[in-house]
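Here is a short briefing to read alongside the model. Have the sequence and the 3D view open as you go.

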Amino acid sequence: MSNLKYFTNGLLKENPLFVLVLGTCPALAVTTAALNGVGMGAATTFVLVCSNLLIALLKNLIPNKVRIVAFILIIASFVTIVDLVMKAFTPDLYKTLGIFIPLIVVNCIILGRAEAFAQKNTVTRSILDGLGMGIGFTLALTIMGGIREILGNGSFFDIRLVSQEARTILLFILPPGAFLTFGYLIAIMNSVKRKYNI
Amino acid sequence: MDFITIIILALLVNNVVLAQFLGICPFLGVSNKVSTSLGMGAAVVFVMSLANLVTYLIQNFILVPLHIEFMQTITFILVIAFLVQVVELIMKKSAPSLYQALGIYLPLITTNCAVLGIAILAVQKNYSLVSSVVYASATAVGFTLALVLLAGIREQLELNGYPKGMKGFPLTLITAGLLSLAFMGFSGLVK
């Protein structure tokens, strides 16, 4: 199927976090554990798919001059929905992610995809693109969260890997660990790409 | 809470970039040169203080009395986007030299999540009008401090050798990590 490539594009080749380096604020802030990464990724994916869908539907109705404001309004509406839903149904996760839920509005991935993809493409393709980008982002967040959780807390998805007494590298769940993990992950990605010419 | 505590907390202990991860995009993007990062910093100080002043008024005189607090995200982002445009227009007319210096950085600020983030945080912390503006200014100065420090280090790093895979983002991120480690030394400064 030819449309499939719009979905797989966001997973690896144009991974929003590791390749395009968009959405770095939530990526650094919430990835103290793998589960937080999944939660943040899911919330972002929902907003991304919905806003891509609506923008692709309305692309001929929105005047070009006010398109950015219109996009921001559409995105902000979906973010408010996610915010209220998560507050009601997953209060613990909502508390952990905190300020970064409303801040999905200013996540460059979403406005970036609206501007670069959804306003020029069909509804189906836009949904696939949103889904691929969202899942790519979720995967990247989960990998980062997993590494930081294993190194910093000795667990993975809250399952203990080492004994309670064992010493872990606490640094990795503190702010500096976020920068270091992210930096080394991109460095590894770059080196692999260089070696195999991807 | 007195103003000195708010300032020390916002500037050093909870540095907006290095401890709270707000405004990472401009932090990584505009930290090539010390001079440009100073320009960006000045624009952020200006917009952030103004944005907190306006969002405080909107929150307490429109959203709360009408019980539509859930509209916060939508209202605040629109206000900030609008504010940046207005500031740009006014500056162009009345202070052309300042506009020349800050001009290119102003539109970039709409996408700076620190502005929206700090506005929401100030509401969550129940600050008064003056505290809110002081908090925003101190945070923005903290942003500038981190930005200028990183730019200074990056200028020096350009002259050194490093592994090829580290070029660009990785090197910047690891430098930022070490800066963040240094800033952790400030924790405990305020009880």
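The notes below cover the contact between two chains, one helix and one loop residue.

This is a predicted model, in which local features need pLDDT of at least 70, side-chain atom pairs count only at pLDDT 80 or more, and totals for chains, interfaces and linings use all residues. Residues are numbered from 1 along each chain as its sequence is written, and chains are lettered from A and ligands numbered from 1 in the order in which they are written.

**Where the chains touch**
- Chain A gives 34 residues and chain B gives 30 residues to the contact (two residues are in contact if their C-beta atoms, placed from the backbone, lie within 7 Å).
- On the chain A side, α2 (24–30), α4 (67–89) and α8 (175–196) each give two or more residues; helices are DSSP runs of H or I, at least four residues, numbered from the N terminus.
- The largest share of that side, 13 residues, comes from α8(A).

**Helix α4(A)**
- The 23 residues of α4(A) should span 33 Å at 1.5 Å a residue (1.5 Å times one less than the number of residues), and its end C-alpha atoms agree, being 33 Å apart.
- The buried residues of α4(A) pack against α3 (34–58) and α6 of chain A, and also against α4 (72–94) of chain B.

**F100(A)**
- F100(A) sits in the loop between α5 (91–97) and α6 (108–118) of chain A.
- F100(A) counts as buried because it has 22 C-beta neighbours inside 10 Å (buried takes 20 or more other C-beta atoms within 10 Å, with C-beta atoms placed from the backbone).
- Beyond its neighbours within four places in sequence, F100(A) is in contact with P26(A), A29(A), V30(A) and M40(A).

Key. A residue is buried if 20 or more other C-beta atoms lie within 10 Å of its own, exposed if 12 or fewer, and partly exposed in between; C-beta atoms are placed from the backbone.
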